[in-house]
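Me: I would like to go through this chain with you, from its overall outline down to single residues. Please reason each answer through before you settle on it.

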Amino acid sequence: MANLKEIRNRISSVSSTMQITSAMKMVSAAKLKKAQDAITAMRPYSDKLTELLQSLSATLNAESGSKFAEQRELNKVLLVPITSNRGLAGAFNSNIIKEINRLTSQTYANKDVSYLVIGKKADDAFKKSNKIIDNKSHVFDDLTFENVSEIAELLMDKFIEGEFDKIEIVYNKFKNAATQIVMTEQFLPIVPAEGDVDVNSDYIFEPSKLEIVEELIPKSLKTQLYKGIRDSFASEHGARMTAMHKATDNATELRDQLKLTYNKARQAAITNEILEIVGGAEALNN
């Protein structure tokens, strides 16, 4: 059994760790509220914009194709993993990295795959592969629609110029503080509407449908990427809050066990001292 001094040092160390994890939990909880409100308010707009774009595009597929909807022979693929800049968030980052590795080794096994990373953890994971074409981790320093739009424009330019035949984003979708869902969304080319879309509504389009679609597509793509990063940002704080909550509970349990061990060791030491005193007194009497 460890001596009393060693146990006291361990209790002190665990208590300090518990204070740190508890503080990190409260910080993440405060940031989560703001991030959750932002993504919750944005989703209806993003979903409606996508629905409108698909509805208009359905009537144009046969008439005039968009440069953003061009289907090519799949040779070069660009994956955009969205992770965080910091760790201590449980499986938040590792789930994205695992999904990227799965896509690279299975789905696009015979393709030329490259990465544009958003988040330092993704950069750390893939920089040895020499497949990273750019690192946009700085976007989290000032997460605004304008800054994300620059990344979306870069992706659109690379697709239009033919550098890549397909672009997909991989991120954690925020469900609640304890649950994040790994999402893989096709960014380009634009995914056609599934099923029958009602496009026979009595609308007058000004300007033409084609012009409206060409105007909406870049805005829709920017919104899609911004939503993905916002989702990931909220998921990060939810995952970190949950991880720090569990870490605090584990530290509390360990501290209580160490205190029990300390009390038992202290009691045993006192009992031994009493026995030594009694033994010495009996020896003197004899």
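The questions below concern a predicted model, and they move from the whole chain to one helix and then to single residues.

Me: In what order do the helices and strands follow one another along the protein chain?

Reply: The protein chain holds 5 helices and 5 strands, and the question is how these are arranged in the sequence. Read from the start, the order is α-β-α-β-α-β-α-β-β-α.

Me: What does the radius of gyration say about the protein chain, compact globule or more spread out?

Reply: The globule rule gives 19 Å for 286 residues, and the radius of gyration of the protein chain is 29 Å, well over that figure. The spans of the C-alpha trace along its principal axes are about 115 × 40 × 35 Å. Because the radius lies well over the value from the rule, the answer is that the chain is more spread out than a compact globule.

Me: What share of the contacts with a separation of 6 or more joins residues 24 or more positions apart?

Reply: Of the 286 residues in the protein chain, 40% are buried. Contact here requires heavy atoms within 4.5 Å. Among the contacts with a separation of 6 or more, the share that joins residues 24 or more positions apart is 78%.

Me: How far apart do the centres of the positive and negative side chains lie?

Reply: The protein chain exposes about 16,300 Å², of which carbon and sulfur atoms supply 50%. As for charge, there are 37 positive and 39 negative side chains, and the distance between the centres of the two sets is 9 Å.

Me: How many ångströms should helix H4 span, and what is the distance between its end C-alpha atoms?

Reply: Helix H4 covers residues 145-160, which is 16 residues, and the expectation rests on 1.5 Å a residue. On that basis the helix should span 22 Å, and this agrees with the distance between its end C-alpha atoms, which is 22 Å.

Me: Which elements help to cover the buried residues of H4?

Reply: The residues of H4 that are buried are Val148, Ser149, Ile151, Ala152, Leu155, Met156, Lys158 and Phe159. In an α-helix there are 3.6 residues a turn, so residues three or four places apart point the same way. The cover over the buried residues of H4 includes strands E1, E2, E3, E4 and E5, together with helix H5.

Me: What is the phi of Gly162?

Reply: Gly162 comes just after H4. Its phi is positive, at about 85°.

Me: Where does Pro189 lie, and is the peptide bond from Leu188 to Pro189 cis or trans?

Reply: Pro189 belongs to the loop between E5 and H5. The peptide bond that runs from Leu188 to Pro189 has omega near -5°, and the bond is cis.

Me: Is Leu88 buried or exposed?

Reply: Leu88 sits in the loop between E1 and helix H2, and its phi is near 55°, a positive value in a residue other than glycine. Its relative accessibility is 55%, and exposed means over 50%. Leu88 therefore counts as exposed.

Me: Is Asn130 buried or exposed?

Reply: Asn130 lies in the loop between helix H3 and E3, and its phi, near 60°, is a positive value in a residue other than glycine. With a relative accessible area of 70%, Asn130 is exposed.

Me: Which residues does Ser84 contact, leaving aside its neighbours within four places in sequence?

Reply: Ser84 is placed in the loop between E1 and H2. At 1% relative accessibility, Ser84 counts as buried. Leaving aside neighbours within four places in sequence, its contacts are Phe92, Asn93, Gly119, Lys120, Lys121, Glu236 and Arg240.

Me: Which residues does Thr248 contact, leaving aside its neighbours within four places in sequence?

Reply: Thr248 is part of helix H5. Its relative accessible area is 13%, and Thr248 is buried. With neighbours within four places in sequence left aside, Thr248 is in contact with Met18, Thr21 and Ser22.

Me: Which residues does Phe233 touch, not counting residues up to four places away in sequence?

Reply: Phe233 also lies in helix H5. Its C-alpha atom is separated by 22 Å from that of Pro218, 15 residues apart along the chain. Not counting residues up to four places away in sequence, Phe233 touches Ala35, Phe140 and Leu143.

Definitions and conventions
Residues numbered from 1 in each chain as written. Predicted model: local features only at pLDDT ≥ 70, side-chain atom pairs only at ≥ 80, totals over all residues. Heavy atoms only, no water. Helix = DSSP H or I, 4+ residues; strand = E, 2+ residues; numbered from the N terminus. Rg over C-alpha atoms; globule rule 2.2 N^0.38 Å. Buried < 20%, exposed > 50% of the residue type's maximum accessible area, 1.4 Å probe, protein only. Areas by Shrake-Rupley, 256 points an atom, 1.4 Å probe, with all protein chains shown as cover. Lys, Arg positive; Asp, Glu negative; His and termini not counted. Charge placed at Lys NZ, Arg CZ, Asp CG, Glu CD. Expected span 1.5 Å × (residues − 1).
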